[in-house]
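This report looks at how nonpolar residues and helices are packed in a predicted model. The cores come before the helix pairs.

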Amino acid sequence: MGKALIICASESHGNTRRVAELMGEVLGAPVVEPEEVDSTEGYDLIGFGSGIFLQKFHPRLREFVSSLPRQQGRAFVFATSGLPAPRFGPMVRLLEGKGFEVEDTFSCRGFDTWAPFKLVGGIRKGRPDNRDLAAARSFAKGLKHAA
C-alpha cells in the first residue's frame, strides 16, 4: 500500500471524523480538513468524506474537490447521515471528472440533530456505533488489500 490521505469535512457531532480517524489508522493515513490540504499529488489513495447535509456532501468538501486540478489517482468516498442514505453519484462523478478512479464508497448512520430532529433530541443516537465502526474498519482493510 502506498501513501494515503483522508480529507474529511466533519461538523456537528464529529460522526464522520470518528469514521475517518478509524480508516486513517488502518490505511496509515493522516486525516485533514479540506482547508488543510496543500496538494493531493503524491498520494496513491485519497479518501473524501463528510456528513450529509440536505442530501448532499458538505459544501466545503464539494468546493475543495471542484477546485482540484485534473489528476490521476485512486479515491474512495465515505459519509455519515441521519437519513436518508447518501447519494454518492454526484461526488463520484465530480471526482471522476477530475481524473480519479473511485474504488468504492462507504456510509453509515450518524447522530443527527438537524432542524426538526433537534426538537426530539435528535435521531440515530449512539451512531456510529461499534458495528458501524467495525464495518468502516473492514472497508478500509479492503481498500488496503486492493492496492
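## Nonpolar cores

The largest nonpolar core of this predicted model has 22 residues, and those with the most contacts inside it are Ile7, Phe48, Phe57, Val77 and Leu95. Two or more residues are given to this core by each of β1 (4-9), β3 (45-53), α2, β5 (73-81), α3 and β6 (100-109). A second core, separate from the largest one, has 21 residues and includes Leu27, Cys108, Phe139 and Leu143.

## Surroundings of Phe48

When neighbours within four places in sequence are left aside, Phe48 is in contact with Ile7, Leu61, Phe64, Val65, Leu68, Ala75, Phe76, Val77, Phe78, Leu95 and Phe100.

## Helices α2 and α3

Helix α2 (residues 59-67) packs with helix α3 (residues 89-97) at an angle of about 20 degrees, their axes being 9 Å apart; the two helices are therefore roughly parallel to each other. The crossing in which α2 passes α3 is left-handed. From α2, Leu61, Arg62, Val65 and Ser66 meet Met91, Leu94 and Leu95 of α3, and by class this contact has 5 nonpolar, 1 polar and 1 charged residues.

## Helices α1 and α5

Helix α1 (residues 15-27) and helix α5 (residues 130-146) have axes that come within 9 Å and cross at roughly 40 degrees, and α1 and α5 are therefore oblique to each other. Here α1 passes α5 in a right-handed crossing. Among the residues making the contact are Leu22, Val26 and Leu27 of α1 and Leu133, Phe139 and Leu143 of α5; the residues of this contact divide into 10 nonpolar, no polar and 5 charged.

Methods:
Residues numbered from 1 in each chain as written. Predicted model: local features only at pLDDT ≥ 70, side-chain atom pairs only at ≥ 80, totals over all residues. Heavy atoms only, no water. Axes fitted to C-alpha atoms, helices over the stretch in contact; angles between N-to-C directions. Helix = DSSP H or I, 4+ residues; strand = E, 2+ residues; numbered from the N terminus. Parallel < 35°, antiparallel > 145°, perpendicular 65-115°, else oblique. Left-handed = near helix turned anticlockwise from the far one by under 90°. Contact = heavy atoms within 4.5 Å. Nonpolar A, V, L, I, M, F, W, Y, C, P; charged D, E, K, R; others polar. Core = buried A, V, L, I, M, F, W, Y, C linked by side-chain atoms within 4.5 Å. Buried < 20%, exposed > 50% of the residue type's maximum accessible area, 1.4 Å probe, protein only.
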